[in-house]
Amino acid sequence: MLLDTRDPKHGRSSLRVTVPTATPLLFPFSTSFADAGQGPRIKPAAQYNISFWARGATRTGSLRVELLQCSGGVTTAEDRCTTPAVVSAVLAEDWRQVSVEMDMKASEPNVYVRATGAGTLWLDHVQVSGC
């Protein structure tokens, strides 16, 4: 993961993530964007509207991005992500807006991004607001 200044949707940079293989890649949503200065940390037992822009590039197949609610730290791809994805989008080369309203459970207070399909994805203009 790194900040990429080429072709952001909004502002001067977007978050670029390389997915090296078709094996799903899981990374923390709220920590990644808060650390990059693009959003607040998400708290448990609260409601949020989450919106971001995404695009992807792959040589074969498709690239999908999903948001999941998980408990605790994640040691393998699905260890603590027990609920289905709250939002899922297949990405293309053009920027696409992805939005969801999430009711954060106290038992699953962490939001993770799961990227499936080998390629590169870009995430930008992340907005998190309380309901």
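## Salt bridges and an open sheet

At a relative accessibility of 10%, Arg 55 counts as buried (buried is under 20% relative accessible area, exposed over 50%, partly exposed in between, with a 1.4 Å probe and protein chains only). The model is predicted, so local features need pLDDT of at least 70 and side-chain atom pairs count only at pLDDT 80 or more, while totals for chains, interfaces and linings use all residues. Residues are numbered from 1 along each chain as its sequence is written, and side-chain values use heavy atoms, with hydrogens and water left out.

The whole structure holds four salt bridges (a side-chain nitrogen of Lys or Arg within 4 Å of a carboxyl oxygen of Asp or Glu). The table lists three of them, including the pair formed by Arg 55 and Asp 7.

| Pair | Closest N and O atoms |
|---|---|
| Asp 4 and Arg 16 | 3.4 Å |
| Arg 55 and Asp 7 | 3.6 Å |
| Arg 114 and Glu 66 | 2.6 Å |

Arg 114 lies in strand E8 and Glu 66 in strand E5, so this pair ties together parts that are 48 residues apart in sequence (strands are DSSP runs of E, at least two residues, numbered from the N terminus). Both Arg 114 and Glu 66 are buried. Asp 4, Arg 6 and Arg 16 are joined into one network by salt bridges that share partners.

Strands E5 (residues 63–70) and E8 (residues 110–116) run antiparallel and are joined by seven bridges (two strands pair if DSSP finds at least two bridges between them). Arg 64 has Thr 116 in E8 as its bridge partner. An open sheet of four strands, paired antiparallel, follows the order E3-E8-E5-E6. Its edge strands, E3 (25–28) and E6 (87–91), each pair on one side only.
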